[in-house]
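Reader: I should like to learn how to read a helix and its surroundings in a structural model. May we work through one case together?

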Amino acid sequence: MSNHSIQRIISTHESRSVTLLLITVALTYLVLFLGVPLFAVFYEALRKGWLLYWAALREPDAWSAIKLTLLSAAIAVPANLVFGIAAAWAIAKFEFRGRSLLITLIDLPFAVSPVVSGLVYVLLFGAQGWFGPWLQAHDIKLIFAVPGIVLATIFVTFPFIARELIPLMQAQGKEEEEAAISLGASGWQTFWRVTLPNIKWGLLYGVILCNARAMGEFGAVSVVSGHIRGMTNTMPLHVEILYNEYNFAAAFAVASLLALLALVTLLVKSLVELQARRSGEPL
Amino acid sequence: MSITIENLNKHFGAYKALDNINLEINSGELIALLGPSGRGKTSLLRIIGGLDVANSGKLLFQGEDVEQRDARERNVGFVFQHYALFRHMTVFENVAFGLRVKPKKQRPNEAEIKRRVHELLNLVQLDWLADRYPAQLSGGQRQRIALARALAVEPNILLLDEPFGALDAQVRKELRRWLRRLHDELHITSIFVTHDQEEALEVADRVVVMNKGRIEQVGTPDEVYANPATPFVYQFIGNVNLFHSREHAMWTKQHGDAVAYVRPHDIDISATPQDDTALPVEVKLVRAIGSVVRVEVAADGSGEFIEIELSRERFDATPLSGGDKVFIRPRQFRVFETGVKSELPAA
């Protein structure tokens, strides 16, 4: 028995030099492609001191970009939360005509370039678009305005929550829901008391990813925004404008905020994973 | 509560899961739906429970059509093969669920819920597990909790889908005896699905043998074992030897193609021919299994084995060993014409 286990340890372990080599390669790669750029962002942002950093963030256009980013995420995430749960519920728990079409449609925003996603909205709602004249006649402005940015953000972040939930809900099956209904629970009671508690960790995970993408989206938003300073600029767009104007310190200051957001997202994500593992529920 | 099923049909595409089912279940009966694995039995159970809808036919509870009533209004307790306990709730909350989701007016107060849940947990002898989560229980414990949960809403009918299917042999035996005792205490009309003939014969008041979406026979365990109505029932319940009329006309006594079905314990062995219908055979294998001795013999010049069961006493009186030449003769058998036989599944 003990002989056997010794054999196993040996057969699943590489020699010391190979282990070291592999770790070095992996670490170098990580530092070069992830560590250095991240460091550069913060280094450049703070190079001219905290005061300038602070001033760059408090500048009205930057501040308006931060607010717009928060606003579009605050609308896109809840919208996709509701949609994601509804779609995953339908796809995972029921068989219906057009089910696979719906799955494909959910993946569409992943498949197409974000620029195309933005262009679609311009073609639909822009001045020369299909619904442009009607929107103009009713004095509704979508493109080159805040609603367009929100729409584009919703479109791009569409799949995150649904994609997270579908495999989870499929794996859980529908027996628990059937048990709840046979015990006399209504549809809502079944959802709140059985379905939702079972998917809560996966849902939270999806929300975190969805939020990160909503705040960081560039391509689609860039097309529909029109880059009107202080009006329709989100943080990523603002970074680009500042950079193009050779205002590096300010560009990196705003960029550092986005990077910070990414770090916070990763931290929260790890905490969620840890908590989920502790509670023994699958993610 | 009695259940009446009339001309019930259910198909999945071209596959017929239920083919014109007619069944009458009396109030307070414990019924086993027995048959090989497949969707027929479970489909029937799910339709009775309102979790599935039949394509045509009638379903009556106590003479009342329940087709328009959905699952939550049928007052039926359902126990699933894989327990389907709510994984994020404690055992207590699982059992309390049915009481907590009742409309406000009918919902018992917290003290009453507590009393009822503990009463049920005592009934299934698991009160000490009230604060555990389902993942911390063994399979047998989970299934008993699932049963307590189903009983909490005081159902008129209890439906159990392969309730012991996922458990190991020892726990299975224990639980099915316990189910029988529980039923004798509560007298709820109960239907359980199983593919295990021993389970069906031991537990049920009546057994419904199903094959390919059709009912082959309905009867007490004794009836279906002693008087199988069809070749399928003969083969599915207990072991059986087949003798074709082509080779064994002296037993089948039929002119056309026919097959005689003989139970292994209905065959006499003797060192000398019993009469002119006796078949000379050679003993190939002798295996003692507990209280019975299984003897395999083959007719001279035939590769087909015939299985015979003897009691330990009879075997000890006239011991046999491989290579012995003996004579066999069936004490009782049943003949089915081959036309019927062609419907048999490959057994």
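Reader: Which residue with a positive phi follows helix 3 of chain B?

Author: Please bear in mind that this is a predicted model. Helix 3 of chain B is followed by Gln125(B), whose phi is positive, near 60°.

Reader: What caps the N-terminal end of helix 3 of chain B?

Author: The cap is Asn109(B), which places a side-chain oxygen 3.2 Å from the backbone nitrogen of Ala111(B). The helix itself comprises residues 110-123, 14 residues in number. From first C-alpha to last it reaches 20 Å, close to the 20 Å expected at 1.5 Å a residue.

Reader: Which residues of helix 3 of chain B are buried, and why do they line one face of the helix?

Author: The general idea concerns periodicity: an α-helix has 3.6 residues a turn, so residues three or four places apart point the same way. In this case the buried residues are Ile113(B), Arg116(B), Val117(B), Leu120(B) and Leu121(B). Viewed down the axis of helix 3 of chain B, these residues fall within an arc of 135°, so they line one face.

Reader: Against which helices do the buried residues of helix 3 of chain B pack?

Author: Their partners are helix 2 (91-100) and helix 4 (139-151) of chain B.

Reader: Is His118(B) buried or exposed?

Author: His118(B), found in helix 3 of chain B, counts as partly exposed because its relative accessibility is 26%. Leaving aside residues up to four places away in sequence, His118(B) touches Phe92(B), Asp127(B) and Ala130(B). Its C-alpha atom is separated by 9.1 Å from that of Val95(B), 23 residues apart along the chain.

Methods: Residues numbered from 1 in each chain as written. Chains lettered and ligands numbered in written order. Predicted model: local features only at pLDDT ≥ 70, side-chain atom pairs only at ≥ 80, totals over all residues. Heavy atoms only, no water. Helix = DSSP H or I, 4+ residues; strand = E, 2+ residues; numbered from the N terminus. Expected span 1.5 Å × (residues − 1). Buried < 20%, exposed > 50% of the residue type's maximum accessible area, 1.4 Å probe, protein only. Arc of directions from axis to C-beta. Contact = heavy atoms within 4.5 Å. Polar contact = N/O pair within 3.5 Å; in protein donor to acceptor, adjacent residues only side chain to side chain.
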